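Subject: Handing over the structure, with notes on what was found

Dear colleague,

Please find below the structure I promised to pass on to you, with the sequence beside it. Once you have had a look, the notes that follow should help you find your way around.

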Amino acid sequence: MDDCRPLNDLSNDEARAALTRCCGSTRWVDRMLHERPFQSRAELFETASRHWNALDVADWDEAFSHHPRIGDPSAASKSTAAWAANEQAGAARSADDVRAAIAEGNRAYEAKFGRIYLVCATGKTGEELLAILRARLNNDAAEELRVAVGEQEKITRLRLEKILSP
């Protein structure tokens, strides 16, 4: 239980805010709060995954809506701005033409799928993010939703790890 103390020791309001920084789905946050305290990191991560994958499209879309567009981390909420800037550092360091192509790809993605392009950007260059975006534009709607759900799950886990490792 000690390795989950940074999350377990928070008040309910503080834990709600911390979990919302990890995943913007209200239903997911509520379910995670109900599960506290967590006995281990493994239990925390398994619980997070189980609840995430049991949600519906509206819940997933709510979570996705809490993210800024790739290449525009300044649009993140105040509570996640620093994390988003760090996660998207590769895109921010890209050449102007790559950033412009990502912005154009974001618009095409949103027009096709009706939601932002969500990718776990940590450790990826702008060129890698652009290549992933272009490849995912070839997906059908059902496949792309599955991919986006998986990407949010990766982001959530990374952010939970940040909470546990101040």
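Which residues form one aromatic cluster with Trp-52? Before I answer, please keep in mind that this is a predicted model, and that the values below were computed from it.

The cluster is formed by Trp-52, Trp-60 and Phe-64. In the structure as a whole there are four aromatic pairs. In one of them, the ring centres of Trp-52 and Trp-60 lie 6.2 Å apart with the planes at 50°, so the pair is tilted. Trp-52 has a relative accessible area of 2% and is buried, and Trp-60, at 12% relative accessibility, counts as buried too. Another of the pairs joins Tyr-109 and Tyr-117, whose ring centres are 5.6 Å apart and whose planes meet at 55°, so this pair is tilted as well. Tyr-109 counts as buried at 0% relative accessibility, and Tyr-117 is buried with a relative accessible area of 1%. A ring may also have a charged partner: Arg-157 lies over the face of Phe-45, at 3.9 Å from the ring centre.

Next, the interior. In soluble globular proteins, nonpolar side chains tend to be buried together. Here the largest nonpolar core has 42 residues, and the members that touch the most others are Leu-7, Leu-19, Trp-28, Leu-44, Trp-52, Phe-64 and Leu-160. Two or more residues of this core come from each of α2 (12-22), α3 (26-35), α4 (41-53), α5 (57-64), α8 (96-113), α9 (126-136) and α10 (141-164), and α10 gives the largest share, seven residues. Phe-64, which belongs to the aromatic cluster, is worth following in the viewer: leaving out residues up to four places away in sequence, Phe-64 touches Trp-52, Arg-115, Ile-116, Leu-118, Leu-145, Ala-148, Val-149 and Gln-152.

Helix α2 can be looked at in its own right. Its buried residues are Ala-15, Ala-18, Leu-19 and Cys-22, and they cover an arc of only 95° around the axis, which puts them on the same side of α2.

After α2 comes a place that rewards a slower look. Is Ser-25, in the loop between α2 and α3, buried or exposed? Ser-25 is buried, with a relative accessible area of 0%. Apart from its neighbours within four places in sequence, Ser-25 is in contact with Trp-52, Leu-55, Asp-59, Glu-62 and Ala-63. One of these partners, Asp-59, lies in helix α5 and is buried, with a relative accessible area of 6%. Leaving aside sequence neighbours within four places, Asp-59 is in contact with Ser-25 and Arg-27. Asp-59 and Gly-24 are 35 residues apart in sequence, while their C-alpha atoms are 8.6 Å apart in space.

That brings us to the charged residues. Side chains of opposite charge can pair when their charged atoms come close. The structure holds 13 salt bridges, and Arg-27, Asp-56 and Asp-59 are linked in a network of them. Three further pairs may be useful to inspect one by one.

- Asp-9 and Arg-5 meet through their side chains in a salt bridge of 3.3 Å, N to O; Asp-9 is exposed, with a relative accessible area of 54%, whereas Arg-5, at 44% relative accessibility, counts as partly exposed.
- Arg-50 and Glu-46 form a salt bridge of 3.1 Å, N to O, and because they are four residues apart in helix α4, they are separated by about one helical turn. Arg-50 is partly exposed, with a relative accessible area of 40%, and Glu-46 counts as partly exposed at 42% relative accessibility.
- Glu-151 and Lys-154 form a salt bridge of 2.8 Å, N to O, and both lie in helix α10, three residues apart, about one turn of the helix. Glu-151 is buried, with a relative accessible area of 9%, whereas Lys-154, at 45% relative accessibility, counts as partly exposed.

If you would like a place to begin, try Trp-52, which belongs to the aromatic cluster, is among the core residues that touch the most other members, and is in contact with Ser-25.

With best wishes

How values were computed
Residues are numbered from 1 along each chain as its sequence is written. This is a predicted model: local features need pLDDT of at least 70, side-chain atom pairs count only at pLDDT 80 or more; totals for chains, interfaces and linings use all residues. Side-chain values use heavy atoms; hydrogens and water are left out. Rings of Phe, Tyr and Trp (its six-membered ring) pair if their centres lie within 6.5 Å; planes under 30 degrees apart count as stacked, over 60 as edge-to-face and the rest as tilted. Buried means under 20% relative accessible area, exposed over 50%, partly exposed in between (1.4 Å probe, protein chains only). A charge sits over a ring if NZ of Lys or CZ of Arg is within 6 Å of the ring centre and within 35 degrees of the ring normal. A nonpolar core is a set of buried Ala, Val, Leu, Ile, Met, Phe, Trp, Tyr and Cys residues joined through side-chain atoms within 4.5 Å. Contact means heavy atoms within 4.5 Å. A salt bridge is a side-chain nitrogen of Lys or Arg within 4 Å of a carboxyl oxygen of Asp or Glu. The arc is that of the directions from the helix axis to the C-beta atoms.
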